[in-house]
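I opened my notebook to see how two chains meet and how far the coordinates can be trusted. Here is what I looked up, in order.

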Amino acid sequence: MRRIEPFLVMLVVLAAATPSDAVPYEPKVGQRHADFTLPNTATGKPVALSDFRGKKVLLIQFASW
Amino acid sequence: MPVWHEGTAKWVKDGKLVLLGVTQEQHADRCRLLAQWKGFDWPILHDPINVLEATAVPLLVAIDEHGIVRSTRPALATFQADFLDKTFTDDAKGGRANRITPALKDGERSPDWDALRARAKEVGDAATWRELGDALALWGGDKHLDEALDAYGRAAQLDPKDGPALFRLGVCYRQRSETTGHRPGDFQAAIAAWGRALDLDPNQYIWRRRIQQYGPRLDKPYAFYDWVETAEKDIRVRGEKPLPLAVRPGGAEIAQPLKALPAPPAEARNPDPDGKVHRDKDGLIQAEVTVVPARVRPGQAVRIHVVLRLDPKQQAHWNNEAEPLRLWVEPPAGWQISERLLQAPAVREAVSGEERALDFEIKAPKEAQDKVRLDAFALYNVCDDKGGQCRFLRLDVPIDVRTLPADNPSKAEDKK
């Protein structure tokens with residue numbers, strides 16, 4: 001049986017992988033936080049994490065239950 | 001959250017810190033009410049589909065002036081010394097370069113729909129269909145729910161192991177079930193999609209909580225929205241008007257957890273034992289049944305939601321001057337039921353057209369298998385506006401409950 005070259009396997013894996021196929025996003029110390037834009041619950045207007053670049057931010061994810 | 005809200009208030013006021021909230025919640029207005037009650041005056045963003053991929057909440061992340069994560073478990077006692085008073089350099093070591101959420105057009109509240117649609121069709125993989133679904137679900141509003149459902153449905157079909165697509169599919173079904181464009185089976189389809197997602201990742205607590213929100217008390221970690229009434233009362237005492245809620249939480253959403261299902265009241269009597277009450281042959285009322293979770297394990301419980309609505313194709317309304325709507329349920333032998341006779345709350349107006357929701361729980365015996373049918377019926381007073389007749393009628397509501405083998409992971413079903 002013909003041996004599959006490791007670099008070919010790697011290429012196939014890289015081609016198949018997209019960020020959304022990866023494990024859930026997890027913020028890691030020392031890494032830049034991925035940017036996101038979501039609607040403000042009060043106004044519906046878009047707010048991005050990057051809107052606050054230059055300021056220190058405490059990001060709090062919570063639920064209202 | 002209140003601890004951090006109060007503990008950081010001075011730094012926020014002095015401009016040293018930004019508090020940025022993200023709520024993992026379907027209903028933005030419930031979060032608005034919570035914020036009003038607690039005095040949260042910082043921006044809170046809405047993530048109904050868990051696009052940030054949190055596996056549990058609360059989750060706190062300290063992010064410096066360069067956008068670099070400095071702590072994922074900050075402590076209030078050392079927050080100032082460890083984070084706030086420090087000056088950081090831009091020394092990021094990697095991280096996800098792309099955005100988590102769809103990009104918006106400059107200065108607008110919407111993404112480039114056409115580009116996303118074209119890309120989904122051209123690339124045609126699960127990820128691009130999911131991305132289109134995300135854009136529609138986050139920024140499209142109710143009018144784009146059908147298209148979001150189609151996009152997530154395609155993603156889940158292309159990759160049946162795409163848990164986020166399945167979860168978000170369920171969110172959109174549940175959202176549509178609360179709109180005027182709801183279709184029969186939307187709620188059950190939401191529960192089925194969430195169940196499939198949870199099968200893929202049983203450690204995803206955001207997904208688990210959505211099922212538990214509507215599920216049996218035996219499986220609840222806490223009452224989800226029992227705070228709403230207290231919040232509204234406290235806000236009124238302050239002389240303010242509580243922010244309104246589009247969908248008021250009730251039933252399962254405010255039920256307290258239980259360790260054991262109590263016996264149903266012994267005095268309950270079948271209100272039509274011989275089946276003499278005339279059936280609703282004209283279909284003035286339609287019933288929709290949802291079982292949560294979609295299948296039950298032997299020895300465990302499900303919560304059954306029965307919603308009764310006036311058929312929009314008919315011209316009819318509830319008559320509230322006589323006795324209220326009742327639902328009688330006959331449990332199969334060996335199954336324990338929370339209530340056999342349920343009654344809808346009284347309505348002040350003589351006539352009305354609202355939908356009426358009744359829910360109860362049933363626990364399967366340890367030897368339960370396959371499928372059982374609960375014989376149930378509703379009795380109500382309804383007026384047919386075309387003929388001008390008001391009648392007392394019965395609607396039979398058969399309820400099927402499917403069981404799972406005791407030792408296999410749950411297998412929820414797709415919407416039929």
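Before counting strands, a reminder to myself: two strands pair if DSSP finds at least two bridges between them. I also note that this is a predicted model.

**Strand pairing.** I looked for a pairing across the chains and found β3(A) joined by 5 bridges to β3 of chain B, residues 59–63. The two strands run antiparallel. I then picked out one position there: A:Leu58 stands opposite B:Ala62 in β3(B).

**The contact as a whole.** I checked how many residues each chain brings, and the contact takes 40 from chain A and 62 from chain B. On the chain A side, the elements giving two or more residues are β1 (37–39), β2 (46–48) and β3 (57–62). Which of them gives the most? I found that β3(A) does, with 6 residues. Sorting the chain A side by type, I got 20 nonpolar, 12 polar and 8 charged residues.

**The core.** Next I turned to the largest nonpolar core, which has 115 residues. B:Tyr152, B:Leu169, B:Cys172, B:Ala193, B:Trp194 and B:Ala378 touch the most other members. I followed B:Ala193 further: leaving aside neighbours within four places in sequence, B:Ala193 is in contact with B:Leu166, B:Leu169, B:Gly170 and B:Tyr173.

**Confidence.** Last, I read the scores: ipTM is 0.91 and pTM is 0.91. Chain B averages a pLDDT of 93, and 97% of its residues score at least 70. I flagged residues 408–416 of chain B, where the pLDDT is below 50. That stretch still has 22 contacts in the model beyond near neighbours in sequence. Where pLDDT is low, the predicted coordinates should not be read in detail.

Notes
Residues numbered from 1 in each chain as written. Chains lettered and ligands numbered in written order. Predicted model: local features only at pLDDT ≥ 70, side-chain atom pairs only at ≥ 80, totals over all residues. Contact = placed C-beta atoms within 7 Å. Helix = DSSP H or I, 4+ residues; strand = E, 2+ residues; numbered from the N terminus. Nonpolar A, V, L, I, M, F, W, Y, C, P; charged D, E, K, R; others polar. pLDDT = per-residue confidence, 0-100. Core = buried A, V, L, I, M, F, W, Y, C linked by C-beta atoms within 7 Å. Buried ≥ 20, exposed ≤ 12 C-beta atoms within 10 Å, placed from the backbone.
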